[in-house]
Structure formats: C-alpha cells, structure tokens
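Please open the structure in your viewer and keep the selection panel handy. We will go from stop to stop, picking something to select each time.

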Amino acid sequence: MTKVQVEQIVAALAINTQWAALLPAIFAAGDAGYAAFKSIVAALREHGVEADVVLLEKTIAEAAARKQHEDDILAG
Amino acid sequence: MRNRFQKIVLSLSMAGFVLAALAIAIFTSACGAKQYHIATVSVVSANAVAGAVQETADAFTCGSATAPPEGKCLSTEQRKAVAAKLSPAFGKIGEVAQVVKDTDPADPIPDAVKSLLDQAKELLNQALALLPASAQKRVADLTGGQ
C-alpha cells in the first residue's frame, strides 16, 4: 500500500462517516479480507506516526524562527 | 481528530493551565504510539500558545499599526523584557519537539519532555505577566481561554 493510498483512506475516513459500511465487504472476503483489513490498520498506524514526525519537524522549524525573532528584538 | 483534540486542550484556560494540562496528559495516558501522538499534540499546542503570546506582544508594541495608544502599548524596553522570556521558551519548545521526534514511537516518552514543557510553561507565564491586561485577554481569546 502506497503512502498516497493511505492518505486517500485517511481523507475518506475524515470526510465519510459511512466508512464503516465497507467493513461487511471486507469481512465477507474471508481470510483475504481480514488480511487486507489488518494491512490497512497497520498502514494507518504507520501513517499516523509519519504525520506526527512531519508535525514535529514543522514545530522545530517554527520555534527556531520565532526564537530568532525574539533574539532580534533583544539585540535591537 | 488532532485539530479537535488540540481545540479542546486549548479551550481549557490560559496558557499556563493549558501547558500544565498537557504535561499531565502525557504521563497519564497509554504507552507506545498513542503516547507519542499525545506528546506530539502537546508540543504542537505549546508552540501554538507561545506563538499567540508572541503575536500579541508584537501587536501591542508601541509604533506598530495595531498598537493601543501611548501609555497602554509596550515600550521597546518592555517588549525586550518579554523577549527575554519568549526566546528561551521557544528554545525549550524546539528542544522538546526534537526529543519527541528522536524517541522511538514504541518506547515510553522520556522524562525530559515533561521537564522541558514545565520550563516552557513557567517562561510563558512570566511573559504573560509582563503584558498589559488587554493583551492578556487577547491571548486568552486566541487560545480559546476566558
């Protein structure tokens, strides 16, 4: 499963509250469906951590820029 | 979900209470990836609160287009006093973000995270205390406080 696919699933879950309707189809597919379901959950979990890292990197950069602004005032 | 949680956390009250709640949340929650996520939300929220304090201080600095009249705005020296608190606060926030980022999501969040957030909270409270009452109200409005 690609990152783009994971992002599409996350977006679908966010905008479509009827997503649970997909679950019967997944389970109806038996073992293959269950395997697919597990891979989706695992990918979502991985994507969640990736999203956290992106947020942390953004915060590190923003905090540094804001600190620089305060240092400039102190130096000014 | 993240935005919703952040909004709830930010609605608690003023910056100090927000950061105290965030620090508590980290250490009373589940371990592993969930704890990692909560730590991330805490750090991002702390940065948002500190950003609101900074933007308010800038808006209230004498000479800026949005500053209140003379006597109610922050003089250069007063703004420098705020900067002396905000600069290290942003330093702590950047540091804590790096600590969380460097932590394996499967591992417990290091004690340093709570310690650094506590230090950032103290500095932000000190910065807030240096602002005029109307500026403190603006920060409360920006962060969802009363």
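Here is a short tour of the chains, the contact between them and a disulfide. Please keep in mind along the way that this is a predicted model.

**Stop 1: chain A.** Select chain A and show it as a cartoon. You should find three helices and zero strands, and following the chain from its N terminus gives the order α-α-α. Chain A has 76 residues, and 20% of them count as buried.

**Stop 2: where the chains meet.** Now bring chain B into view and select the residues in contact. On the chain B side there are 28 of them, touching 20 residues of chain A. Together the two chains bury about 2100 Å², and carbon and sulfur atoms account for 66% of that area. For landmarks in chain B, select B:Lys80, B:Ser87 and B:Lys101: these lose the most area to chain A, together 23% of what the chain B side buries.

**Stop 3: charges and polar contacts.** Next, show side chains across the interface. Three salt bridges link chain B and chain A. For one of them, zoom in on B:Arg79 and A:Glu70, whose closest N and O atoms are 2.8 Å apart. Between the two chains you can also look for eight residue pairs in polar contact, with both residues at pLDDT 80 or more.

Which elements of chain B give two or more residues to the side that touches chain A? They are α3 (33–59) and α4 (76–102), so color these helices separately if you like. The largest share comes from α4(B), with 15 residues. Color the chain B side by residue type, and the split is 13 nonpolar, nine polar and six charged.

**Stop 4: the disulfide.** Finally, select B:Cys62 and B:Cys73, and show them as sticks. A disulfide joins this pair, with an S to S distance of 1.9 Å, and the structure holds one disulfide over all chains. Look along the S-S bond: the torsion is about 95 degrees, so the disulfide is right-handed. Both B:Cys62 and B:Cys73 lie in the loop between α3 and α4 of chain B, so the bond ties together parts that are eleven residues apart in sequence.

Before you leave, turn on the surface: is B:Cys73 buried or exposed? B:Cys73 counts as buried because its relative accessibility is 7%, under the 20% cut-off. B:Cys62, with a relative accessible area of 25%, is partly exposed.

Conventions: Residues numbered from 1 in each chain as written. Chains lettered and ligands numbered in written order. Predicted model: local features only at pLDDT ≥ 70, side-chain atom pairs only at ≥ 80, totals over all residues. Heavy atoms only, no water. Contact = heavy atoms within 4.5 Å. Buried area = accessible area lost by both parts, 1.4 Å probe. Salt bridge = Lys/Arg side-chain N within 4 Å of Asp/Glu carboxyl O. Polar contact = N/O pair within 3.5 Å; in protein donor to acceptor, adjacent residues only side chain to side chain. Helix = DSSP H or I, 4+ residues; strand = E, 2+ residues; numbered from the N terminus. Nonpolar A, V, L, I, M, F, W, Y, C, P; charged D, E, K, R; others polar. Disulfide = S-S within 2.5 Å. Buried < 20%, exposed > 50% of the residue type's maximum accessible area, 1.4 Å probe, protein only.
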